[in-house]
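Student: Please walk me through reading this model, feature by feature.

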Amino acid sequence: MTLTPKKRDELALKQTKSKLLPISTQDVLAGLNPQKTIQWEVAHGNGDLIKALDILGIAGPMAILTPWELKDTDGRHLINAGGYAALPFGEKYPPLVQFIKDYLDHSLSVSLPQQSATDWRAALESNLIALLAAQAPSHQDSQVFFSNSGAGAVEAAIKFVKAARPKAKHFINFRGGYHGKTVGALSLTPNEEYQAPFRPLMPNVVTLPFGDSDALIKEVLHLGPDNVTGIILEPIQGEGGVITPPLDFLPEVDALCKKHGIITIADEVQTGLGRSGHWFASLAAGLEPDIITLAKPLGGGMVPVGATIARKWIVKKALGGLESKRHSNTFGGGSLAMAVGLKSLELIAEENLVERSRTFGEKGLARLYELKKNYPHFVKEVRGEGMLFALQLQPVLNPRLLPGQAELVRQLGTALALRTLHMSGVHACYTLNSNRIVRLTPALNMPEDIFAEMFNRVEQAASKHPRAWQMLPKTPINSLLSLAKLALRP
Ligand SMILES: Cc1ncc(COP(=O)(O)O)c(C=O)c1O
């Protein structure tokens, strides 16, 4: 059949309208079949991760019920303690959603103001500095560089420090520290699993025990203070399993670095802006860093924002004068991200969430201590700082039963714990640098009844498995074998 040109055009237009892409935005808004979603993710995304989560029965996709509650595909009600500390207000918090609608309707700022000043960025920069300078007045003329992730914020910090101390060669970091997975940040994240395949990384990184100021002083003197470019640390190690150093550690780092002019970077991507119960955990613990990295909560759980705050003289060395484009990125400082960042700061301040994180953190930690006391064969250790909670479980298997696979056994323990908590109605976080630890990072504004119910459910999970190994038989053996196979694959 030959088509008239008019008919052909009409047909082409119809096809274009109905199916420009195999899966349209309308298809997704209407809701995809969950099995298809998993299938496509396995085929074209980070397939093995999704496969492992699917085997555990926790792959979702999950739906938002309220900012603090989710529903999985079996209709199970979940309290959301996941989000890796990046959900300060939970999911789609109505005041933030309304603000974003207002922004889209009313703001005339260009989206990516790479070659112009912009009101949203100016306001966020000024507010971040005001917040910091209120506690550390020497930062009143510091400057902010924006990126799109925590790792991006750390990358900027590394380059700033290198430019500021060009003759020094060594970075000092700490065991258990986590700073991200881009190459520079990964070089400062001393985790064999993450680093090994990507070597050589940035050279001359010296890793010391976290919290040991004697070891630090000794090493700085050994290297020669002028050879130390900078020291990077988390004031509380998040991905390390919520590890707080001894009280005198950060003040000693502060004194040492001030004495020798060594630059300190406090990586507050996880602890900063309220999660730890303080605006800045480093300042609260006696360290006045030269550079602070921020990210997670700054995006309000809606957009990616990373920020590197640094003293003016340091920024000048890296980006001063004609060198102002020596470090840049396309999307950093975009207006929507800046607007959401500003609104997030405003909500944290208005709703008194820093203080709330501290008081709720104390209540939550008390519940965890009770749990440890009542179920010592399920829980080995508990820790908490503000709304950052860690549960270290007893081993599910004796690693000696699988020689050479101790790490796998530990990972299996964490995976089973995540599954067990999920089945009890709590969506929890994996801990990247520390196996057998699961973390709870609830929203800073989680209502009190939901917060209490979250701990009730953790307790229910423990009461069903008074000994950690009892999580094993309740897991279908095929699931365990598939999971182990997946994890063991070279
Ligand atoms: C302290 C710290 N720094 C850096 C990062 C990396 O952030 P991102 O995952 O956004 O790159 C994280 C992430 O967990 C973190 O906890």
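Tutor: Labels come before anything else: helices (H or I, at least four residues) and strands (E, at least two) are DSSP runs, numbered from the N terminus. This is a predicted model, so a local feature needs pLDDT of at least 70 and a side-chain atom pair pLDDT 80 or more, while totals for chains, interfaces and linings use all residues. Residue numbers start from 1 along each chain as its sequence is written.

Student: Backbone first, then. Where does Pro61 sit?

Tutor: Look in the loop between H4 and strand E1 (63-66). As background, most residues other than glycine have a negative phi, and most peptide bonds are trans. The bond joining Gly60 and Pro61 is cis, with omega about 0°. A second cis bond runs from Arg199 to Pro200, with omega near 5°, and Pro200 falls in the loop between helix H9 (192-195) and strand E6 (205-208).

Student: What is the phi of Lys92?

Tutor: It's near 45°, a positive value in a residue other than glycine. You'll find Lys92 in the loop between strand E3 (77-80) and H5.

Student: How do I read helix packing?

Tutor: Two packed helices are described by the angle between their axes and the distance between the axes. Axes here are lines fitted to C-alpha atoms, over the stretch in contact, with angles from 0 to 180 degrees between N-to-C directions. Try helix H3 (residues 34-44) against helix H4 (residues 47-56): their axes come within 6 Å and cross at roughly 140°. That crossing makes H3 oblique to H4 (under 35 degrees is roughly parallel, over 145 roughly antiparallel, 65 to 115 roughly perpendicular, the rest oblique).

Student: Which residues make that contact between H3 and H4?

Tutor: From H3 you get Ile38, Glu41, Val42 and Ala43, and from H4 Gly47, Ile50, Lys51 and Asp54 (contact: C-beta atoms, placed from the backbone, within 7 Å). Sorted by class, four of these are nonpolar, one is polar and three are charged. For the classes, Ala, Val, Leu, Ile, Met, Phe, Trp, Tyr, Cys and Pro are nonpolar, Asp, Glu, Lys and Arg charged, and the others, Gly among them, polar.

Student: At what angle do H15 and H17 pack?

Tutor: About 15°, with the axes 11 Å apart, H17 being residues 448-464. H15 and H17 are therefore roughly parallel to each other. Phe360, Gly364, Arg367 and Leu371 of H15 meet Phe451, Phe455, Val458, Glu459 and Ala462 of H17. That contact has six nonpolar, one polar and two charged residues.

Student: And how far apart are the axes of H5 and H14?

Tutor: They're 10 Å apart, at an angle of about 145°, for helix H5 (residues 94-106) and helix H14 (residues 335-350). Pro95, Leu96, Phe99, Ile100 and Tyr103 are the H5 side, while H14 brings Leu336, Ala339, Val340, Lys343 and Leu347. The H5 and H14 contact counts nine nonpolar residues, no polar and one charged.

Student: Let's zoom out. Which domains does the assignment give?

Tutor: The bounds come from an automatic or database domain assignment, which gives domain 1 (57-92 + 353-488) and domain 2 (98-350). Their C-alpha centres lie 28 Å apart. Across the boundary, 28 residues of domain 1 are in contact with 25 residues of domain 2. Helix H15 (353-374), strand E11 (379-385), strand E12 (388-393) and strand E14 (437-440) each give two or more residues to the domain 1 side. The largest share, five residues, comes from H15. That side as a whole has 14 nonpolar, nine polar and five charged residues.

Student: Last stop, the ligand. How many residues surround it?

Tutor: The count is 15, and the closest are Gly150, Ala151, Gly180, Val269 and Gln270 (near: C-beta atom, placed from the backbone, within 6 Å). Helix H7 (residues 150-164) gives the most to this shell, with three residues. By class, the shell divides into six nonpolar, six polar and three charged.

Conventions: Contact = placed C-beta atoms within 7 Å.
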